[in-house]
Amino acid sequence: MIAKLYTSHLEKQLSRAHYLVLMLVIGILQKVKNVKLEVLAQALPIPILFESRRKKLQRFLDLEQLTIEKCWLPCVELLLKQVFCEEKTLYLAIDRTSWGLVNILMVSLIWQKRALPIAWILLDKKGNSNLEEQQKVLNQVFPLFTEHQVVVLGDREFCSPKLGKYLTAKGVDFCLRQKQSTNVSSQHQLSTALKNLGLSPGMKLFFQGVNLTNQKGFGPFNLAGKWRKNYREFSAKEPWYLLTNLPNLELAIRAYKKRFGIEEMFRDFKTGGYNLEETKLTSKRLSTLIVLISIAYTSACLEGRMLSNMGLQKYLVRQREPQRYIRRHSSFYVGIHAHLWVDLFQLYSECVQELMQINRHKLPNYLKGLRARLQVLSAL
């Protein structure tokens with residue numbers, strides 16, 4: 001289902017017929033977890049011919065209202081006001097994902113060791129993004145975060161000191177991972193490559209007021225470095241070198257660790273969730289599809305968090321093990337599997353009722369489960 005906080009905007013943005021189709025498509029995405037047009041058309045529960053359903057979805061994806069600017073960014077504003085209103089500092093990760101001829105540059109909001117998509121652009125080329133493209137997608141994002149302090153996180157694709165200079169001018173904090181071959185210098189030190197600074201496993205460093213590259217105008221910045229120490233069978237292959245304007249090492253390292261939430265989000269978009277890489281759509285229809293996935297994904301995350309806070313996740317997914325520090329399943333996983341449990345119960349209700357009659361010694365547990373199902377339904 002669509003998160004309740006989005007419904008008022010989406011109902012105003014779309015005609016009633018288009019809003020109902022949107023509800024159906026989001027529901028199908030949560031069930032079939034596949035964005036191939038034929039798969040969506042097969043599942044679309046409208047009593048018309050299959051080919052008519054497929055064409056209906058194609059026309060739906062071409063709607064002018066279903067754009068990032070008109071449809072999704074207003075939803076992000078509602079999300080920030082209702083879910084993140086008490087957060088003073090928010091972390092934005094910029095990253096790129098690609099498959100085949102598709103190349104997407106995206107900015108996302110880090111949340112609960114995951115990330116929520118905010119804005120993206122489709123690159124009409126293969127390979128890395130450039131500064132102009134990075135600024136284009138970030139300029140879509142910053143007006144939404146005027147009430148928050150923002151920290152932008154980027155991996156080595158976004159190591160450009162020009163990007164650091166741009167973010168500084170915007171009044172935004174940042175942590176941008178650097179390549180080991182990058183040259184760094186300060187007033188008291190000649191230019192040298194980062195790999196020559198002498199970091200080894202277990203060591204950290206922090207320099208203030210350094211310049212990057214041998215050209216003028218790219219500083220001063222701060223530089224944080226850390227090489228994670230070897231632990232049991234784990235050993236980090238190389239250190240982190242972070243270009244930042246944060247004031248100390250601890251803040252920089254703690255911030256950059258959050259960046260990996262966008263990797264988890266991309267996995268949820270792809271093989272771990274909606275199988276986005278299987279779509280054959282391009283251009284406008286692909287961007288619209290990502291809008292739909294963003295609505296479905298954030299709705300599932302919010303529903304999963306609500307169900308976990310209600311203590312209902314034990315009916316939906318495997319529980320955390322006592323000796324396991326990291327939780328087994330994310331809020332997205334909880335939310336997306338909640339629909340499966342309650343819907344299959346309805347579909348096979350006669351079988352379930354008969355089983356309950358046969359195993360009457362377990363009736364107290366069954367009654368608790370029935371109450372939990374009603375609670376899950378009320379939350380979705």
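## Why the labels fit

Q: Why is E51 called partly exposed?
A: E51 has a relative accessible area of 34%. Buried means under 20%, exposed means over 50%, and partly exposed covers what lies in between (1.4 Å probe, protein chains only). The 34% falls in between, so E51 earns the label partly exposed. This is a predicted model, where local features need pLDDT of at least 70, side-chain atom pairs count only at pLDDT 80 or more, and totals for chains, interfaces and linings use all residues. Residues are numbered from 1 along each chain as its sequence is written, and side-chain values use heavy atoms, leaving out hydrogens and water.

Q: What makes the contact between E51 and R54 a salt bridge?
A: The rule asks for a side-chain nitrogen of Lys or Arg within 4 Å of a carboxyl oxygen of Asp or Glu. For E51 and R54 the N to O distance is 2.3 Å, so the pair passes the rule. By this rule the count comes to 13 salt bridges.

Q: Why are E51 and R54 separated by about one helical turn?
A: Both sit in helix α4 (residues 50–61), and they are separated by about one helical turn because they are three residues apart there. Helices here are DSSP runs of H or I with at least four residues, strands are runs of E with at least two, and numbering starts from the N terminus. The protein chain has 13 helices and 10 strands.

Q: Which parts does the salt bridge of D62 and R285 tie together, and how do you know?
A: The side chains of D62 and R285 meet at 2.9 Å, N to O. D62 belongs to the loop between α4 and α5 (68–83) and R285 to helix α10, so the pair joins parts that are 223 residues apart in sequence. D62 is partly exposed because its relative accessibility is 35%, and R285 gets the same label at 26%.

Q: What is the sequence separation of E264 and R267 in helix α9?
A: E264 and R267 are three residues apart, which means about one helical turn. Their closest N and O atoms are 3.0 Å apart, in a salt bridge. E264 has 27% relative accessibility and counts as partly exposed; R267, at 40%, is partly exposed too.

Q: Why is the pair of F269 and Y297 called edge-to-face?
A: Rings of Phe, Tyr and Trp (its six-membered ring) pair if their centres lie within 6.5 Å; planes under 30 degrees apart are stacked, over 60 are edge-to-face, and the rest are tilted. A search of the whole structure finds nine aromatic pairs. For F269 and Y297 the centres are 5.3 Å apart and the planes are at 75°, so the pair is edge-to-face. F269 lies in helix α9 (residues 261–269) and Y297 in helix α10 (residues 283–309), so this pair links parts 28 residues apart in sequence.

Q: What makes the pair of Y297 and F332 tilted?
A: The two planes meet at 45°, with 4.7 Å from centre to centre. An angle of 45° is neither under 30 nor over 60 degrees, so tilted is the right word. The pair connects helix α10 with helix α11, because Y297 lies in the former and F332 in the latter, 35 residues apart in sequence. Ring pairs link F269, Y274, Y297 and F332 into a cluster.

Q: How do you know whether Y297 and F332 are buried or exposed?
A: Y297 has 0% relative accessibility, so it is buried. F332 is also buried, with a relative accessible area of 2%.

Q: How do you know that K258 lies over the face of Y91?
A: A charge sits over a ring if NZ of Lys or CZ of Arg is within 6 Å of the ring centre and within 35 degrees of the ring normal. K258 lies over the face of Y91 at 5.1 Å from the ring centre. Likewise, the charged end of R259 sits over the ring of F260, 4.9 Å from its centre. R259 also joins D95, D155 and E263 in a network of salt bridges.

Q: Why is L340 called partly exposed?
A: L340 has 38% relative accessibility, so it counts as partly exposed. L340 is found in helix α11 (residues 331–347).
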